[in-house]
Amino acid sequence: MTRHIVLIGMMGAGKTAIGLDLARRLRVPFKDSDAEIEAAAAMSITEIFARDGEAFFRAREAQVLGRLLAGPPGVISTGGGAWMRPENRQMVAARGLSVWLNCSPETLWMRVRQRPTRPLLQTADPKGTLLRLLEERGPVYALADAEFVSQAGDSIEATSGRLLTQLR
Ligand code: S3P
């Protein structure tokens, strides 16, 4: 593999779980940008947003993404907002294949409501916020090199297997 596979898409799309399984199948390194940001800052994403704000988080995210892309080719999962920055899209385009993990709004909501810690969803109407973000971001996610639609009932293994087939 000469290029990274970079998974993009909304929170709850399964980027981390599917990315991990995909990397295992391809026998390449797996990196999760959110986890790398947390490790570098020795703080959780929630703490970073609360203490330093979203702009600081976005700057860190771009930095980490650049570092991961400079490393050996593997599978990289990104936070849902990373793809919104044109400079991040350019960095990804230079070194990787971007894949939009898409799934239905209902599935996204079902998954994120189980882990209600995401800072952007700390609003009076988290479901409405999620749907609005999806509407706003959808056309930008659609700029990815490939789109993969995951099905609600499928296991992680079935999904990553199907993704691999689509990529080959
Ligand atoms: C965000 C998604 C999160 C995390 C941060 C912001 C977003 O990552 O980066 O809370 O802007 O959609 P996941 O997509 O992995 O949940």
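A polar contact is a pair of N or O atoms within 3.5 Å. Keep that cut-off in mind as you look through these close-ups of a predicted model.

**View 1. The ligand sits in the largest pocket.** Here you can meet the neighbours: 13 residues surround the ligand. The closest of them are Lys15, Asp34, Arg58, Arg118 and Arg137. Sorted by class, this shell contains five charged, five nonpolar and three polar residues. Helix α3, which runs over residues 45–70, gives the largest share of the shell, with three residues.

**View 2. Oxygen atoms of the ligand pair with Arg58, Arg118 and Gly81.** Start with the side chains. In Arg58, an N or O atom of the side chain is 2.7 Å from an oxygen atom of the ligand. Arg118 also uses its side chain, placing a polar atom 2.7 Å from a ligand oxygen. With Gly81, look at the backbone instead: one of its polar backbone atoms is 3.3 Å from an oxygen atom of the ligand. As for the ligand's surface, it has 380 Å² of accessible area on its own, and the protein covers 95% of that.

**View 3. Thr78 lies in a loop.** This loop links strand β3 (75–77) to helix α4 (86–95). Is Thr78 buried or exposed? Its relative accessible area is 5%, so Thr78 is buried; the cut-off for that word is under 20%. Now find the partner of its side chain: a polar atom there lies 2.8 Å from the backbone oxygen of Leu7.

Technical notes
Residues numbered from 1 in each chain as written. Predicted model: local features only at pLDDT ≥ 70, side-chain atom pairs only at ≥ 80, totals over all residues. Heavy atoms only, no water. Near = heavy atom within 4 Å. Polar contact = N/O pair within 3.5 Å; in protein donor to acceptor, adjacent residues only side chain to side chain. Areas by Shrake-Rupley, 256 points an atom, 1.4 Å probe, with all protein chains shown as cover. 1 Å grid on protein atoms, 1.4 Å probe; cavity = no way out; pocket = protein on both sides within 12 Å on 5 of 7 lines; lining within 4 Å. Sits in = over half its atoms within 2 Å of the grid points. Helix = DSSP H or I, 4+ residues; strand = E, 2+ residues; numbered from the N terminus. Nonpolar A, V, L, I, M, F, W, Y, C, P; charged D, E, K, R; others polar. Buried < 20%, exposed > 50% of the residue type's maximum accessible area, 1.4 Å probe, protein only.
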